[in-house]
Amino acid sequence: MPSFGDFVHTQFFLKIPTPTASFGSKTIIITGASGGLGKEAAKHIVRLGASSVILGCRSLSRGNATKREIEARLRCSPSILQVWELDIESPTSVKRFVDRANALPRLDVLINNAGLQSQKFTVVYNTERTIAVNVIGTFLLALQLLPKLRETARNYRTTPHLTFVGSALYDVARWPNHPGEDIFAWFEDKAHFSAINQYNLSKLLQMYAVIQLSTIVDPVGSTANPNPIVINSLDPCFCKTGLPGNDLSIPLKVALRVFELTARSAEEGASLVVQTASAGRETHGLYMRAGKVRKYDPIVQDAKKAAYIWELLCKKLEGLQPGILQNLR
Ligand SMILES: NC(=O)c1ccc[n+]([C@@H]2O[C@H](COP(=O)([O-])OP(=O)(O)OC[C@H]3O[C@@H](n4cnc5c(N)ncnc54)[C@H](OP(=O)(O)O)[C@@H]3O)[C@@H](O)[C@H]2O)c1
């Protein structure tokens, strides 16, 4: 969690520049793009000249409404934005999405933005839903699109981006005392559910996985691949979006309304997303906050926990989509 001073700075004083990097001739996928940060990121990227922007949305009707809104606002060609159905809680939906993406001529950027903060206990992928979506489903998609990003790097001699929208709350995550051999299975038990901690922990687990992935794929210092990709993550600041959901208790709703007085707009948060999704190779494996690479907190540098999560995640992903780990080679 950022210190109070850091929070005040990023929420009130930090000047967030509108992104300017060109996305000319590029193809970009943004997940969870029907609202919030995803929608605003799509606006920036269309404005920055992308050839094709694919909005991965759970609801096609909400996605199409977003497409129409962006087209009306930016007066862009209707051929730039496409809305594809994507529910990262469903391996079938993810696979269908991946098959479509594999048929694209190129894929330059995958922004893993879809996420949630569930207030109610539900089980998905044999674990609690927030963790299922923010970690398992997110990597189920990312690992299946890795070959397409690498192919684009080779064929177009470019530097594709695999960017994860994380959260600064990762460092207040409470690691369970005895999660046993499988932390995902441990969270199948409702007694272990704590709405606030699930979200923070999901972002910590996501971060472990981003770091592990970036040490396997085009690691820093390796010259084996002349066209490496960038894998990075960020915190977009606290922004007013749909993230808290509609299931909050009345006291929490009131507290949120007050806290939202400190929130940035989704457009500002999305500027940081887009900045990270166009940052250089020097950000590979790293985490950005407020426009700068930030040092990882000590909990993220816990190699034992990171290896434990990565091993479990790989096992889960292989179970959901056999053969997926071959994409890491
Ligand atoms: N807002 C903040 O202050 C903040 C701070 C730090 C990090 N973040 C992160 O930023 C990302 C975007 O969140 P947001 O703030 O823009 O919230 P949001 O408005 O709720 O957007 C989240 C998006 O994720 C989608 N999504 C949720 N579950 C999904 C699933 N199973 N399959 C596909 N899409 C799914 C949602 O789709 P539906 O529209 O269908 O629900 C929605 O479009 C999240 O990863 C969040 O953790 C946000």
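What percentage of the 329 residues of the chain count as buried? Keep that in mind while you load the model, which is a predicted one. The answer is 47%.

**Start with the whole chain.** Show it as a cartoon and you should be able to pick out 10 helices and 10 strands. The radius of gyration is 19 Å, close to the 20 Å that the globule rule gives for 329 residues, so the chain is as compact as a globular protein of that length. If you turn it along its principal axes, the C-alpha trace spans about 50 × 45 × 35 Å.

**Now turn on contacts.** Take those between residues at least 6 apart in sequence: 80% of them join residues at least 24 apart.

**Next, select residues 109-112.** This is strand E4, and it's covered on both faces. Show the side chains: Val109 and Ile111 sit on one side, Leu110 and Asn112 on the other, and all four are buried. Why do they count as buried? Because each has 20 or more other C-beta atoms within 10 Å of its own.

**Add residues 27-31.** That's strand E1, which runs parallel to E4 and is joined to it by three bridges. To find your place in this pairing, click on Ile28: opposite it, in E4, stands Val109.

**Then add residues 161-165.** Here you have strand E7, paired with E4 over four bridges, again in the parallel sense. Which residue of E7 stands opposite Leu110? Select Leu162 and you've got it.

**Last stop.** Keep E1, E4 and E7 on screen together: E4 pairs with E7 and is also bridged to E1.

Notes: Residues are numbered from 1 along each chain as its sequence is written. This is a predicted model: local features need pLDDT of at least 70, side-chain atom pairs count only at pLDDT 80 or more; totals for chains, interfaces and linings use all residues. Helices (H or I, at least four residues) and strands (E, at least two) are DSSP runs, numbered from the N terminus. The radius of gyration is taken over C-alpha atoms; the globule rule is 2.2 Å times the number of residues to the power 0.38. A residue is buried if 20 or more other C-beta atoms lie within 10 Å of its own, exposed if 12 or fewer, and partly exposed in between; C-beta atoms are placed from the backbone. Two residues are in contact if their C-beta atoms, placed from the backbone, lie within 7 Å. Two strands pair if DSSP finds at least two bridges between them.
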